[in-house]
Amino acid sequence: MENWFPKVYNSAMKPLEKIRVSQLREAIIEKAHGRVLEIGSGTGANFPFYRNVMRVDAIEPNPQMSRQSTPQIAKSHVPIEIHTAKAEDLPFKDNFFDSVVATLVFCTIPDPEKALQEIRRVSKPGAVVLFLEHVRMPQSTLGKAQDIITPLWRKTFDGCHLNRDTLGLISQSPLSITKVDSYYKGFLLSIECVNDK
Ligand SMILES: C[S@@+](CC[C@H](N)C(=O)[O-])C[C@H]1O[C@@H](n2cnc3c(N)ncnc32)[C@H](O)[C@@H]1O
């Protein structure tokens, strides 16, 4: 998986971070508590925002991305450990986490349904599951434009599906959605769920 994407990820994110993405990250992460699992932590963009949590276990399959999180771990206020793993096969026991965080990652996970089942398995009954994800837009022209761009986009941006209906996938999963906030005409969604198993 050695490729150019991890090398340019932080620079590519700079314009996005300017349009409030950092504030949206912070707003979702402040709802996490206790033992936290972060899915696909990438270069650790969320790490400085964790404050009132016990500890964060982050999983990330690409060591090139994880290597870049070292400065972010240094800035963090809580203990953070990164595990090399995929969301579809989480290396944790059942009913373990109080909170799960996933930002800008469900677009890239090859089997998102399996990942949602795994999140349900490893999180406690009543755990909060927090997403900040870009999705297929509801407007038909914009959504169709995303469909057209996606095949090339996926090849260029490390498997990212620009048109993934992550809200639909979560609705069909065993997690219960408690709140959805929409930004940029529905391009970016903040989705709060509870694991009410
Ligand atoms: C666009 S980056 C987002 C990184 C970070 N979550 C953020 O908010 O900046 C997508 C990340 O998903 C990771 N990823 C790809 N496949 C994955 C999988 N099956 N399980 C978990 N993470 C995965 C990639 O390695 C990459 O770090």
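**View 1. Leu132 and the residues it touches.** Leu132 touches Val21, Leu24, Arg25, Ile28, Ala102, Thr103, Leu104, Leu188, Leu189 and Ser190, leaving aside residues up to four places away in sequence; contact here means heavy atoms within 4.5 Å. The model is predicted: local features need pLDDT of at least 70, side-chain atom pairs count only at pLDDT 80 or more, and totals for chains, interfaces and linings use all residues. Residues are numbered from 1 along each chain as its sequence is written, and side-chain values use heavy atoms, with hydrogens and water left out. Leu132 belongs to strand E5; helices (H or I, at least four residues) and strands (E, at least two) are DSSP runs, numbered from the N terminus. Leu132 is buried because its relative accessible area is 1%, where buried means under 20%, exposed over 50% and partly exposed in between (1.4 Å probe, protein chains only). Between the C-alpha atoms of Leu132 and Ser171 there are 15 Å in space, and the two residues are 39 apart in sequence.

**View 2. The ligand and its shell.** Of the 20 residues around the ligand, those that come nearest are Tyr9, Arg25, Gly40, Glu60 and Thr103; a residue is near a molecule or strand if one of its heavy atoms lies within 4 Å of it. The shell is made up of 10 nonpolar, 6 polar and 4 charged residues. In this grouping Ala, Val, Leu, Ile, Met, Phe, Trp, Tyr, Cys and Pro count as nonpolar, Asp, Glu, Lys and Arg as charged, and the others, Gly among them, as polar.

**View 3. Nitrogen atoms of the ligand beside Gly40, Ala87 and Glu88.** A polar backbone atom of Gly40 is 2.7 Å from a nitrogen atom of the ligand. For Ala87, a backbone N or O atom lies 2.9 Å from a ligand nitrogen atom. With Glu88 the protein atom is an N or O atom in the side chain, 2.8 Å from a nitrogen atom of the ligand. The ligand has 590 Å² of accessible area on its own, and the protein covers 96% of that area; accessible areas come from the Shrake-Rupley method with a 1.4 Å probe, and for residues only the protein chains shown count as cover.

**View 4. Val100 in strand E4.** Strand E4 spans residues 97-103 and includes Val100. Val100 counts as buried because its relative accessibility is 0%. Leaving aside residues up to four places away in sequence, Val100 touches Leu37, Ile39, Ile119, Ser123, Val128, Val129 and Leu130. Val100 and Ser69 are 31 residues apart along the chain, and 19 Å separate their C-alpha atoms.

**View 5. Ser123 and its polar contact with Asn195.** Ser123 is in strand E5, which runs over residues 123-134. The side chains of Ser123 and Asn195 are joined by a polar contact of 2.7 Å. A polar contact is a pair of N or O atoms within 3.5 Å; within protein, one must be able to donate a hydrogen and the other to accept it, and residues adjacent in sequence count only if both atoms are side-chain atoms. Ser123 also counts as buried, at 0% relative accessibility. Not counting residues up to four places away in sequence, Ser123 touches Asn95, Phe96, Phe97, Val100, Asn195 and Lys197.

**View 6. Thr43 in a loop between two strands.** The loop that holds Thr43 lies between strand E1 (34-39) and strand E2 (53-59). Thr43 is buried, with 3% relative accessible area. Residues up to four places away in sequence aside, Thr43 touches Tyr9, Asn10, Met65, Gln68, Ser69 and Gln72.

**View 7. Arg35 in strand E1.** Arg35 counts as partly exposed because its relative accessibility is 23%. Apart from residues up to four places away in sequence, Arg35 touches Met54, Arg55, Asp57, Phe96, Phe97, Asp98 and Ser99. From Arg35 to Asp147 the C-alpha distance is 37 Å, with their positions 112 residues apart in sequence.

**View 8. Leu104 and Tyr184, with positive phi values.** Most residues other than glycine have a negative phi. Phi is near 50° in Leu104 and near 55° in Tyr184. Leu104 is in the loop between E4 and helix H4 (112-122) and counts as buried at 15% relative accessibility. Tyr184 is in the loop between strand E6 (176-183) and strand E7 (188-194) and counts as partly exposed at 32% relative accessibility.
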